Amino acid sequence: MDRSTQQQRKKRRESKRKPGQKPKKPSSRSDESLHPSYTNLQPPYAAVCRQRYHDSLVEYEKQFNRELKSLELMQNSAYDSMRFHRHFAITTLWPPLHTRKEIEFVLDKFFRHSERQTRRLHDIMKAPVY
């Protein structure tokens, strides 16, 4: 930009200024508007609340599953434990109207065996019955 163009812009700015208004100080950084600072950016409160609500739901679900596991382990036999788990899975974990997503969640999270247990189960089922 040449000097005459800068002077013309300065005159235009001064003509737009109201009488008695002080001229703006030039910014120390020329790229201030091109690269805004996000250090003071705050997310909307609704987003903060939604994240807190989601986190509390996740914590509640984990706590519920821990308590359910501990109650299952307190049963006298494996059969009682299985009946207890199935009763809670059907009456508590599954709502009255089942969606495919909810049923898949329960099947994926609660009726899974470790690889070692699965292998042992298959070995037992293949063995002859005496």
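So, to start us off: in which helix is the place of Glu72? Glu72 sits in helix α2, the one covering residues 45-73. Keep that residue in mind, since I'll come back to it in a minute. Before we go on, please remember that this is a predicted model.

Okay, the overall picture. The secondary structure comes to 5 helices and 0 strands. If you read along the sequence, the pattern goes α-α-α-α-α. The protein has 130 residues, and 7% of them count as buried. As for the surface, the accessible area comes to about 12900 Å², and 55% of that belongs to carbon and sulfur atoms.

Now back to Glu72. Here's a residue with a charge that is buried and yet has no salt bridge. What is the nearest side chain of opposite charge to Glu72, and how far away is it? That would be Lys69, at 4.7 Å. A salt bridge here needs the nitrogen within 4 Å of the carboxyl oxygen, so that pair doesn't make the cut.

Who does Glu72 touch, then? If we leave aside its neighbours within four places in sequence, Glu72 is in contact with Ser81, Phe84 and His85. Let's pick up Ser81 from that group. Ser81 is found in helix α3, which runs over residues 78-93. Buried or exposed, what is Ser81? Ser81 counts as buried because its relative accessibility is 17%, and the cut-off for buried is under 20%. Looking from the Ser81 side, and again not counting residues up to four places away, the contacts are Glu72 and Gln75.

So how many salt bridges do we get in the whole thing? The count comes to 1. The partners are Arg119 and Glu115, and their closest N and O atoms are 3.8 Å apart. Both of them lie in helix α5, 4 residues apart, which is about one turn of the helix. Arg119 is partly exposed, at 47% relative accessibility, while Glu115 counts as exposed, at 64%.

Let's stay on helix α5 for a moment, because it also holds Leu121, and the helix spans residues 115-126. Leu121 joins Ile124 and Met125 in making a nonpolar surface patch of about 320 Å². Leu121 itself is partly exposed, with a relative accessible area of 42%.

Last stop, the other end of the numbering. Which residues gather in a patch of positive charge on the surface? They are Arg3, Arg9, Lys10, Arg12 and Arg13. Take Arg13 as one of them: Arg13 is found in helix α1, residues 3-16. With 56% relative accessibility, Arg13 counts as exposed, since the line for that is over 50%.

To wrap up, here are the spots to look for on screen. There's Glu72, buried without a salt bridge; there's the Arg119 and Glu115 pair in helix α5; and there are two surface patches to find, a nonpolar one that includes Leu121 and a positive one that includes Arg13.

How values were computed. Residues numbered from 1 in each chain as written. Predicted model: local features only at pLDDT ≥ 70, side-chain atom pairs only at ≥ 80, totals over all residues. Heavy atoms only, no water. Patch = residues over 30% accessible without salt bridge, like charges linked within 9 Å, V, L, I, M, F, W, Y side chains within 5 Å. Areas by Shrake-Rupley, 256 points an atom, 1.4 Å probe, with all protein chains shown as cover. Helix = DSSP H or I, 4+ residues; strand = E, 2+ residues; numbered from the N terminus. Buried < 20%, exposed > 50% of the residue type's maximum accessible area, 1.4 Å probe, protein only. Lys, Arg positive; Asp, Glu negative; His and termini not counted. Contact = heavy atoms within 4.5 Å. Charge placed at Lys NZ, Arg CZ, Asp CG, Glu CD.
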